[in-house]
Amino acid sequence: MSALTNYRQLFLIPGAGRFFVPAALARLGVAMQSLAILWAVQGASGSFAVAGIATGAFAVAEALLAPQVARFVDSHGQGTVAAFQLPVFGLAAVTLILATALGAPAWVWLITSGVAGVSCPQVGSLAAARWRHLTDSGAQMSTALALEAAVNTVTFMVGPVLVTSLSATVHPAMGLVVAAGLVVVFTALLVSCRDSEPPSQARGPGLVLDARLLDRALLPFPALHLLLGIYFGGMTICLTAAALSLGVAPYAGLIAAGAGAAGLLAGFVYGASSHRIGTAQVMLLGSAGLVLFCFGLSQSHGLVSLVLLTTLAGACVSPIVIPAAVKLQEAAPASLYVQAITWTGSASALGTAIAAPLIGQLVDQWSAQAGYLAITVVLSLLLIVTVLLTRDRQLSRVP
């Protein structure tokens, strides 16, 4: 059987192809959003500090309130929530674009960035819920989640390049115009595909937080993504500092892209052969490899080892993230699934926000190697959480 057969069979499922393309293009817009705000606000204010605050307002609002929106999605349906969410997001994006173009006060930029963060659709969660609704086997779901991880990797590699090209050559706000347009238009097309939309579910107990999310079968998942967020946030700082110290700073982005490509390839291979490989073994190997290669980076001082170890570390990410996503859909009931995925995304964003200033301070005071060593310590905790997730007693579905 060809490695592509598993992926081909996904699109033979009625309704799968109709939602997949709009979801992928909408996610490209989401991947562009944060950097697009940075370019638009910096172009209007001339200040990276103000632009950073606006971008932070978007990220914090999204991380804190997106899970609450996800709760409405689970209980009322994707289309119903999008009918309210997309106009708010579109209005916030248009207001921000006009505010930067007309020189409005900075507080307008910050508020509209925050509103955009709150109302930005969590396209990845919506797509994963649709795959879960349509697939009829664990192997198919594993392949679908591997495909979603590949789309996520590609969009976050292409999105920043597209934003930079548009904003640097056309107008500082042009990246935001395109990003917002992609999100609004293609999310609307996504939710119009009613044949793949999961049915709404009864609202769970709890006023702010669905109490079922606190079940011990689900708690390790946001912990895992929090630690991975620290890895992503810290690696960006350390890689840039290491490249600078070696005199190859212009190539830091290329090295990071190589790591992303390695993760994409690893995810593709896992998705094609997930029916033959146990999720527990893959997660443990991926976590152990990430610890090992980050420790190697903490001891490395050469360009060749920097490139090689960064690429190998990147290849270890997908074998952690994709099996974890499979286990999450096994543990979370349908009425909680979008919320559970959204909480993992918020945990990852929080981890990135925590890591950037702390690892940055370590790098400033000591070296990139000190930052890599701190990341290695964090990843040791990741390995412990992975062990918890791969224990059989943790895999029972939340009632």
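Helix α9, which spans residues 220–245, contains I230. In this predicted model, I230 has a relative accessibility of 13% and therefore counts as buried, the limit being under 20%. Beyond its neighbours within four places in sequence, I230 is in contact with G351, T352, A355 and V378. A further residue related to I230 in space is L379: the two are 149 residues apart along the chain, yet their C-alpha atoms are separated by 8.9 Å.

The overall fold gives this example its setting. The protein has 14 helices and zero strands, so that a reading along the sequence gives the pattern α-α-α-α-α-α-α-α-α-α-α-α-α-α, with helix elements as defined by DSSP runs. Of the 399 residues in the protein, 52% are buried. Among contacts between residues at least 6 apart in sequence, 85% join residues at least 24 apart.

The nonpolar interior may be considered next. The largest nonpolar core comprises 104 residues, and F19, W131, Y231, L290 and Y372 are those with the most contacts inside it. Helix α2, residues 16–45, supplies the largest share of this core, namely 13 residues. In soluble globular proteins, nonpolar side chains tend to be buried together. The surroundings of one of these core residues can be listed in detail: with neighbours within four places in sequence left aside, Y372 is in contact with M235, C238, L239, A242, C294, L297, S298 and L306.

Another of the core residues, W131, also appears among the contacts of a buried glutamate. E148 is found in helix α7, residues 138–169, and its relative accessibility of 6% is under the 20% limit, so E148 counts as buried. Apart from neighbours within four places in sequence, the contacts of E148 are F20, R27, G124, A127 and W131. E148 and S125 are 23 residues apart in sequence, with a C-alpha to C-alpha distance of 9.9 Å.

S125 leads in turn to the internal voids. A search of the whole structure finds two cavities of 30 Å³ or more, and the largest has a volume of about 70 Å³. Its lining consists of A66, V69, A70, V73, Q85, P121, Q122, S125, L126, V338 and T342. Three helices, α3 (48–76), α6 (123–134) and α13 (337–365), each supply at least two residues of this lining, and α3 gives the most, with four residues. By character, the lining of the largest cavity divides into seven nonpolar residues, four polar residues and no charged ones.

Two of the residues that line this cavity, V73 and L126, are also in contact with Q78. Q78 lies in helix α4, residues 78–102. With a relative accessible area of 4%, under the 20% limit, Q78 is buried. Its other contacts, with neighbours within four places in sequence again left aside, are A129, R130, V191, E197 and P198.

A129 and P198 provide a link to an open site, the second largest pocket, since both are among the residues nearest its centre. This pocket has a volume of about 170 Å³. It is lined by 14 residues, of which D74, A129, P198, P199 and A334 lie nearest the centre. Helices α3, α6 and α13 each supply at least two residues of the lining of the second largest pocket; here α6 gives the most, with three residues. The lining of this pocket divides into seven nonpolar, five polar and two charged residues.

The cysteines remain to be discussed. A disulfide is a covalent bond between the sulfur atoms of two cysteines. How many disulfides does the count give? The count comes to zero. For C316, the reason lies in distance: the closest cysteine sulfur, in C294, is 8.6 Å from that of C316, and the pair is therefore too far apart for a bond, for which the sulfur atoms would have to be within 2.5 Å. C316 counts as buried, at 9% relative accessibility, and C193 likewise counts as buried, at 10% relative accessibility. C294, the cysteine that holds the sulfur closest to that of C316, is also one of the contacts of Y372, which returns the description to the core.

Conventions. Residues are numbered from 1 along each chain as its sequence is written. This is a predicted model: local features need pLDDT of at least 70, side-chain atom pairs count only at pLDDT 80 or more; totals for chains, interfaces and linings use all residues. Side-chain values use heavy atoms; hydrogens and water are left out. A nonpolar core is a set of buried Ala, Val, Leu, Ile, Met, Phe, Trp, Tyr and Cys residues joined through side-chain atoms within 4.5 Å. Buried means under 20% relative accessible area, exposed over 50%, partly exposed in between (1.4 Å probe, protein chains only). Contact means heavy atoms within 4.5 Å. On a 1 Å grid over the protein atoms alone, a cavity is a set of points where a 1.4 Å probe fits but cannot get out, and a pocket is an open set with protein on both sides within 12 Å along at least five of seven lines; lining residues have an atom within 4 Å of a point. Grid points are joined across faces, edges and corners, and a volume is the space filled by probe spheres set on the points. Ala, Val, Leu, Ile, Met, Phe, Trp, Tyr, Cys and Pro count as nonpolar, Asp, Glu, Lys and Arg as charged, and the others, Gly among them, as polar.
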